[in-house]
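Please open the structure in your viewer and keep the sequence beside it, since this tour moves from one selection to the next. At each stop, make the selection first and then read what is there.

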Amino acid sequence: MQPNSCELKVLDLVPFGQTGSASRFFALRLTRPAWETWRPGQFVMLRPRNFGLDIPWARPFGICHMTTRHMICFFQVRGRGTQRMAELRHGDIVRVWGPLGRGFVMEQDTPTLLLAGGMGIVPFVGYVNLHPKPWNVTMLFGHREHISCYPVDSINEHVPVDSLREQENGDLDNFIYTIQERMRDIADQKGLVLACGPTPFMRTVQAFATEMGVRCQLSLENRMACGVGACLGCVTRTTKAWPVETRRESPVQVCTHGPVFWADQVEL
Ligand SMILES: Cc1cc2nc3c(=O)[nH]c(=O)nc-3n(C[C@H](O)[C@H](O)[C@H](O)COP(=O)(O)OP(=O)(O)OC[C@H]3O[C@@H](n4cnc5c(N)ncnc54)[C@H](O)[C@@H]3O)c2cc1C
Ligand code: FES
């Protein structure tokens with residue numbers, strides 16, 4: 001299926017953490033695209049006009065939140081593309097392809113634990129906003145930068161967030177121990193775990209999910225060029241548990257088959 005493509009206007013770019021040009025974290029508010037439905041965990045490919053000729057490829061970003069009038073993406077400056085995005089101003093034009101990929105499941109009566117590492121927090125802003133019974137949801141957030149760099153308040157309004165900052169030796173071990181404890185609680189309640197963050201974090205969550213037999217979905221952030229299944233730049237290998245016979249134990253595109261996968265169905 002052809003993804004929807006449209007041009008949206010920048011409404012504003014709000015720095016998080018530090019102010020102005022010192023910030024590396026931004027909420028980008030765009031006019032709302034015309035799609036009727038979307039699901040947290042889905043993403044968009046963004047290509048602002050200011051990429052010019054020297055940055056030919058769009059970049060993938062999770063949909064942070066949608067209101068009736070706006071779409072919000074939240075990004076961290078990493079390289080050339082995101083640096084250019086940090087220079088966007090009100091009225092600038094951004095080409096957007098989306099909503100792309102498959103999002104997280106939402107089971108209103110199932111106790112659900114959200115696990116986020118760093119920018120993995122982004123899809124959970126929309127998730128907790130749309131969840132019909134947010135009292136069944138809790139969240140654990142691990143991060144390296146100051147908490148003010150992340151959109152935690154938008155989540156805290158709906159569900160309690162426990163956050164742990166990795167600053168010193170031992171903090172990571174403590175975070176991993178806490179993940180294990182929280183996942184064990186959810187396993188005892190026959191609940192659901194949803195995780196998003198860097199690959200080593202995803203591997204840890206996947207290993208605990210296997211050990212505890214808890215239902216778990218992971219959102220992968222493989223590098224992407226086209227975002228629509230054509231370039232094969234983003235593939236990951238499936239396991240025997242993959243439901244489609246022909247793709248078992250073979251590579252699949254993360255952009256179209258994911259980015260959200262059941263933890264037992266992919267190799268990381
Ligand atoms: C499905 C998906 C959703 C994403 N959602 C978000 C989001 O909501 N907010 C956000 O800030 N970022 C998100 N990312 C990562 C974002 O796409 C990259 O940070 C961005 O493309 C970097 O572009 P750049 O031109 O600034 O960096 P480049 O110049 O292309 O690369 C600079 C450095 O950034 C790192 N990098 C680039 N792409 C990735 C990637 N996919 N994963 C990890 N590291 C990467 C690499 O270390 C690289 O060396 C997402 C990626 C995917 C695949
Ligand atoms: S990014 Fe091109 S196939 Fe996934």
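Begin by selecting L232, which you will find in the loop between β12 (215-219) and β13 (235-237). This model is a predicted one, and in it L232 has a positive phi of about 60° although it is not a glycine.

Next, colour the protein chain by its two parts, domain 1 (4-100) and domain 2 (112-265). The centres of domain 1 and domain 2, taken over C-alpha atoms, are separated by 22 Å. Where the two domains touch, domain 1 contributes 20 residues and domain 2 contributes 22 residues. On the side of domain 1 that touches domain 2, at least two residues are supplied by each of β2 (25-31), β3 (43-48), β4, β5 (65-66), β6 and β7 (93-100). If you colour that side of domain 1 by residue class, you will count 15 nonpolar and 5 polar residues, and no charged ones.

Now turn to the open sheet of 7 strands, and follow its strands in the order β4-β3-β7-β1-β2-β6-β5, in which the pairing is antiparallel. Which strands lie at the edges of this sheet? They are β4 and β5, each of which pairs on one side only. It may help to recall that the strands of a sheet pair through backbone hydrogen bonds, either parallel or antiparallel.

Select strand β1 (residues 4-16) together with β2, and you will see the two strands paired in the antiparallel sense over 6 bridges. Within this pair, V10 has L30 of β2 as its bridge partner, while F16 stands opposite F25 in β2. Then keep β1 and add β7, with which β1 also pairs in the antiparallel sense over 6 bridges. Here K9 stands opposite I93 in β7. Stay with β7 a little longer and select P99, which lies in this strand, because the peptide bond that joins G98 and P99 is cis, with omega about -10°. The next selection is the second open sheet, in which 6 strands follow the order β10-β9-β8-β11-β12-β15 with mixed pairing. Its edge strands are β10 (161-165) and β15, each pairing on one side only. From one strand to the next, the twist averages 15°. Look within this sheet at strand β8 (residues 112-117) and strand β11 (residues 192-196), which run parallel and are joined by 5 bridges. A116 stands opposite C196 in β11.

With the sheet still on display, add helix α4, which packs on the sheet and touches β8, β9 (137-143), β10 and β11. The direction of α4 makes about 155° with that of β10. Then add α5, which lies across β8, β11 and β12 and runs at about 165° to β12.

Now hide the strands and keep helix α4 (residues 171-188) and helix α5 (residues 199-212), whose axes come within 10 Å and cross at roughly 35°. Is the crossing of α4 and α5 right-handed or left-handed? The crossing is right-handed. To show the contact, select I176, I179, Q180, M183, R184 and A187 of α4, and then T204, V205, F208 and M212 of α5. The residues of this contact between α4 and α5 divide into 7 nonpolar, 2 polar and 1 charged.

Before leaving the helices, select P259, which lies in the loop between α6 (254-257) and β15 (260-262). The peptide bond from G258 to P259 is cis, with omega near 10°.

The last stop is ligand 1, where you may show the 20 residues around the ligand and then pick out G62, R78, G79, G81 and T82, which come nearest. Which elements give two or more residues to the shell around ligand 1? They are β4 (59-62), β6 (70-76) and α1 (80-85). The largest share of the shell, 4 residues, comes from β4. Coloured by class, the shell around ligand 1 divides into 9 nonpolar, 6 polar and 5 charged residues. Finally, bring back the colouring by domain, and you can see that the shell around ligand 1 draws at least three residues from each of domain 1 (4-100) and domain 2 (112-265).

How values were computed: Residues numbered from 1 in each chain as written. Chains lettered and ligands numbered in written order. Predicted model: local features only at pLDDT ≥ 70, side-chain atom pairs only at ≥ 80, totals over all residues. Axes fitted to C-alpha atoms, helices over the stretch in contact; angles between N-to-C directions. Left-handed = near helix turned anticlockwise from the far one by under 90°. Contact = placed C-beta atoms within 7 Å. Nonpolar A, V, L, I, M, F, W, Y, C, P; charged D, E, K, R; others polar. Near = placed C-beta within 6 Å. Domains from an automatic or database assignment. Pairing = 2+ DSSP bridges.
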